[in-house]
Amino acid sequence: MNEKVFPMTLEGKEKIEAELEELKVVKRKEIVERIKIARSYGDLSENSEYESAKDEQAFVEGRISTLEKMIRYAEIIDDQNIEKDIVSLGRTITFKELPDGDEETYTIVGSAEANPIEGKISNDSPIAKGIIGKKLDEEAVISTPGGDMHIKIVDIQSA
């Protein structure tokens with residue numbers, strides 16, 4: 001059985017490891033304490049604090065399991081052996097929308113560390129799929145849910 005590989009930057013892996021540590025060391029203890037306090041209130045069948053703490057415990061344990069799997073199957077992106085003017089995982093790309101000229105900048109990362117608010121898009125996203133492998137100054141058509149977007153790559157930087 002082949003496990004899914006999680007491509008990510010070294011920085012992304014370190015963030016996941018920090019989140020995992022926080023959940024295991026701090027959050028677990030907080031939840032156990034909440035459960036202990038809620039149990040002291042008596043009848044568990046009508047105890048909303050107990051139910052809430054148990055729900056949070058289930059969520060945290062699920063997240064811990066997910067993070068451990070992501071770390072176990074992490075594949076650190078190494079773009080050092082890829083030409084500097086080619087779009088690839090781990091690179092920060094600036095492109096200009098054609099014809100109106102709006103510029104957008106994104107870092108292409110694995111799905112495990114994607115965060116569009118921070119400008120980090122998944123390599124599985126329509127934009128990344130449309131530009132991976134393209135070169136500096138090359139034009140591309142990106143199919144998005146909102147329609148086709150015509151772009152020109154104006155800058156490529158290593159992460």
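1. In counting charges, Lys and Arg are taken as positive and Asp and Glu as negative, with His and the chain ends left out; each charge is placed at NZ of Lys, CZ of Arg, CG of Asp or CD of Glu. On that basis the protein chain carries 22 positive and 35 negative side chains, and the centres of the two sets lie 5 Å apart.

2. The model is a predicted one, in which local features need pLDDT of at least 70 and side-chain atom pairs count only at pLDDT 80 or more, while totals for chains, interfaces and linings use all residues. Residues are numbered from 1 along each chain as its sequence is written, and side-chain values use heavy atoms, without hydrogens and water.

3. Three helices and seven strands make up the secondary structure of the protein chain, where helices (H or I, at least four residues) and strands (E, at least two) are DSSP runs numbered from the N terminus. Their order along the sequence is β-α-α-β-β-β-β-α-β-β.

4. The largest nonpolar core, a set of buried (under 20% relative accessible area, 1.4 Å probe, protein chains only) Ala, Val, Leu, Ile, Met, Phe, Trp, Tyr and Cys residues joined through side-chain atoms within 4.5 Å, has 17 residues. Strand 7 (147-158) is among the elements that each supply at least two residues of this core, and with four residues its share is the largest.

5. Ile-153, one of the residues with the most contacts inside that core, touches Val-87, Ile-93 and Ile-131, among others, not counting residues up to four places away in sequence; contact means heavy atoms within 4.5 Å. A second, separate core of 15 residues includes Phe-6, Ile-31, Ala-38 and Met-70.

Key. Buried means under 20% relative accessible area, exposed over 50%, partly exposed in between (1.4 Å probe, protein chains only).
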